[in-house]
Amino acid sequence: MAGKTLYDKLWDAHVVTDLGGGSALIYVDRHLLHEVTSPQAFEGLRLAGRKPWRLAANLAVADHNVPTTDRSRGIADPISRAQIEALDANCAEFGITEFRMDDARQGIVHVIGPEQGATLPGMTVVCGDSHTSTHGAFGALAFGIGTSEVEHVLATQTLVQKKAKNMRVTVQGEVAPGITAKDIALAVIGRIGTAGGTGCAIEFAGEAIERLSMEGRMTVCNMAIEAGARAGLIAVDQTTLDYLRGRPFAPHGALWEKAVAAWRELRSDADASFDREVVIEARAIKPQVTWGTSPEMVVPVDARVPDPAAETDAVKRAGLQRALAYMGLAANTPIVDIAIDKVFIGSCTNSRIEDLRAAAAVVRGRRLAPNIKQALVVPGSGLIKRQAEAEGLHRIFLEAGFEWREPGCSMCLGMNADRLAPGERCASTSNRNFEGRQGAGGRTHLVSPAMAAAAAVAGHFVDVRDFQ
Amino acid sequence: MRPFTVVTGKVAPLDRANVDTDAIIPKQYLKSIKRTGFGPFLFDDWRYLDPGDLDVDPATRRPNPDFVLNQPRYAGATILLARENFGCGSSREHAVWALSDYGFRAVIATSFADIFFNNSFKNGLLPIALGRDVMDRLFAQAQACEGYALTVDLPAQRVRAPDGAEYAFEIDAFRKDCLVKGLDEIGLTLKHADAIRAYEARRRETAPWLP
Ligand code: SF4
């Protein structure tokens with residue numbers, strides 16, 4: 001019999017009962033909640049007179065609507081405030097652990113789960129948010145769900161699911177110096193497309209992935225959803241264990257040893273077969289910059305904006321033209337000639353300590369270019385912010401002219417006050433460059449933290465490898 | 001969930017194809033913390049002449065007199081007619097919530113987008129797909145006769161028209177059972193409560209470090 005993939009192992013370990021027709025009732029170990037997709041689920045629970053099935057599985061935090069400036073006076077926008085107050089009230093009523101806005105541990109839901117050790121290998125992790133794929137970096141089966149499913153998980157600790165297909169993306173060899181996890185993620189999406197992972201759980205493997213820190217692995221799995229995948233996965237190894245040891249929600253003592261023994265099995269068997277395999281040469285990956293309105297519209301920094309005239313398929317050509325018009329770009333413009341207005345370093349993709357260090361290393365001793373109207377650094381959590389301050393990173397950013405903000409989703413989606421004005425162009429470390437994503441009419445270019453920092457100093461995109 | 005057996009109701013004909021979920025409920029309303037109360041914002045951009053938001057009282061806004069739901073003869077309709085690919089676009093469940101909250105119990109269309117179709121069943125709204133010719137006839141009759149009503153008989157899987165015509169429709173047995181009995185997916189899953197508890201007991205043995 002053929003071996004099992006990591007995904008097969010995780011799936012098999014969580015089947016409560018087979019429902020037939022390819023569906024199964026799957027047990028949920030960890031449920032993360034935030035303020036935007038949970039209020040209706042709590043209301044449903046209340047109306048039906050139900051209680052959360054297992055309180056300890058849940059962890060909540062407000063992140064999408066929170067202000068990133070001084071919070072001592074509360075939230076100015078009454079509608080955002082109401083959504084956050086609802087989360088506070090719901091968690092208090094049902095007894096769910098919540099990191100409130102004034103808690104040092106507050107931050108973006110996908111940052112704080114792993115940071116607290118609330119995300120563990122072998123778990124199923126769900127959240128009413130598509131970027132839940134991030135947690136797959138720990139060898140956990142993690143995916144986003146809708147509001148009815150949030151209620152379903154609260155009430156039953158399970159979900160009705162159909163099994164996905166197995167896909168493996170192997171990033172072979174070592175990346176060149178200056179190439180980060182974000183560049184790997186964007187290069188993969190550029191190669192397989194935003195529907196490349198549809199219906200699949202993608203396992204990322206290969207030397208370049210094994211060499212990544214947990215921060216880097218989270219960046220890669222975070223972006224799996226932009227490749228259309230149901231989930232991203234990376235096998236457990238010593239890096240995983242070293243990251244988790246001693247975290248507040250992780251097991252300790254004898255339980256830790258027992259857990260580690262089980263977690264070491266969380267890898268695909270050597271003879272496991274995948275429905276789809278993609279191999280990418282790490283050496284060939286250059287710093288990536290998106291030019292369009294979909295993450296697959298991405299090129300290396302030394303390339304040019306594509307020319308729709310070269311596209312033979314009429315439908316695709318029209319898509320390229322529409323994207324260029326929205327982005328205000330001319331075909332064949334060198335990427336390094338694109339000047340920017342704003343810089344955003346943050347989001348669940350790139351707001352961890354390693355990301356802030358990488359950006360600070362580029363910025364150190366330099367200043368923002370005169371054409372930069374605003375540059376934000378938004379740490380992913382209060383603890384990351386505190387650590388960065390202990391390392392003096394905030395001073396490097398502040399001296400260069402960046403703003404040093406409180407943790408939250410911020411300009412990743414502009415649901416709070418941080419957003420682009422129409423026509424503004426932004427170098428952003430976030431994950432989606434859809435029309436209007438960072439503010440109506442705003443133009444987003446996705447890059448790594450180091451590339452965003454270099455663009456902030458130069459005023460336009462530059463190859464960070466020349467810069468250092 | 002409210003059971004759906006036999007529903008007789010007034011019909012509103014929305015003679016458009018590709019009605020997307022953005023059109024059904026625009027994005028500014030997703031900041032609401034409720035599952036209810038979206039009815040006044042259903043088809044917001046078509047229904048009103050001025051822009052709206054969560055904190056704008058719909059009663060102060062200017063209704064578009066040309067929009068079908070604003071015509072007095074369709075007031076109180078509980079069955080919506082539409083053309084192909086109804087509910088395409090984003091996955092927002094708010095679209096289904098808005099239709100239900102407005103008072104619709106069923107949407108009869110030529111075809112539906114996948115996610116909207118699934119979301120409907122989770123919320124007791126019955127989506128019925130009928131052939132192009134049948135839809136043409138229903139649209140013509142609804143537009144011709146004031147007070148036109150249809151009967152949707154879910155147990156019999158039939159739509160009955162006032163002229164005596166009956167139209168059969170398809171629905172999978174599992175979903176039909178849920179709707180007729182008013183079972184939500186949660187209620188059904190809770191029938192497996194013992195299996196869930198047995199799983200948890202095993203899990204405590206094999207993975208005692210889990211929360
Ligand atoms: S940072 Fe952006 S992508 Fe991540 S959870 Fe927040 S809004 Fe979503």
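**Helix α6 and the two chains of a predicted model**

Biologist: What makes the span of helix α6 (residues 181–192) of chain A agree with expectation?

Modeller: In this predicted model, the helix has twelve residues, and at 1.5 Å a residue these should span 16 Å. The end C-alpha atoms of the helix are 17 Å apart, which agrees with that value. The expected span counts one less than the number of residues.

Biologist: Why is α6(A) called largely enclosed by the rest of the structure?

Modeller: Buried means under 20% relative accessible area. Ten of the twelve residues of α6(A) are buried, so the helix is largely enclosed by the rest of the structure.

Biologist: Which residues of α6(A) are the buried ones?

Modeller: A run from A:A181 through A:K182, A:D183, A:I184, A:A185, A:L186, A:A187 and A:V188 to A:I189 is buried, and A:I192 is buried as well. The list thus includes A:K182 and A:D183.

Biologist: What is the phi of A:G193, just after α6(A)?

Modeller: A:G193 takes a positive phi, of about 85°.

Biologist: Why is chain A called as compact as a globular protein of its length?

Modeller: Chain A has 16 helices and 19 strands. Its radius of gyration is 21 Å, and the globule rule gives 23 Å for 468 residues; the two are close, so chain A is as compact as a globular protein of that length. Along the principal axes, its C-alpha trace spans about 60 × 55 × 45 Å.

Biologist: What percentage of the residues in chain A is buried, and what percentage in chain B?

Modeller: In chain A, 64% of the 468 residues are buried. In chain B, buried residues make up 51% of 211.

Biologist: What share of the contacts in each chain joins residues at least 24 positions apart?

Modeller: Among contacts with a separation of 6 or more, such pairs account for 76% in chain A and 64% in chain B. A contact here requires heavy atoms within 4.5 Å.

Biologist: How many helices and strands does chain B have?

Modeller: Chain B has eight helices and seven strands, and its C-alpha atoms fill a box of roughly 65 × 45 × 25 Å. About 9400 Å² of chain B is exposed, with 51% supplied by carbon and sulfur atoms.

Biologist: Where do the mean positions of the positive and negative charges lie relative to each other in chain A and in chain B?

Modeller: For the 50 positive and 54 negative charges of chain A, the mean positions are 1 Å apart. For the 27 positive and 28 negative charges of chain B, they are 4 Å apart.

Methods. Residues numbered from 1 in each chain as written. Chains lettered and ligands numbered in written order. Predicted model: local features only at pLDDT ≥ 70, side-chain atom pairs only at ≥ 80, totals over all residues. Heavy atoms only, no water. Helix = DSSP H or I, 4+ residues; strand = E, 2+ residues; numbered from the N terminus. Rg over C-alpha atoms; globule rule 2.2 N^0.38 Å. Buried < 20%, exposed > 50% of the residue type's maximum accessible area, 1.4 Å probe, protein only. Lys, Arg positive; Asp, Glu negative; His and termini not counted. Charge placed at Lys NZ, Arg CZ, Asp CG, Glu CD. Areas by Shrake-Rupley, 256 points an atom, 1.4 Å probe, with all protein chains shown as cover.
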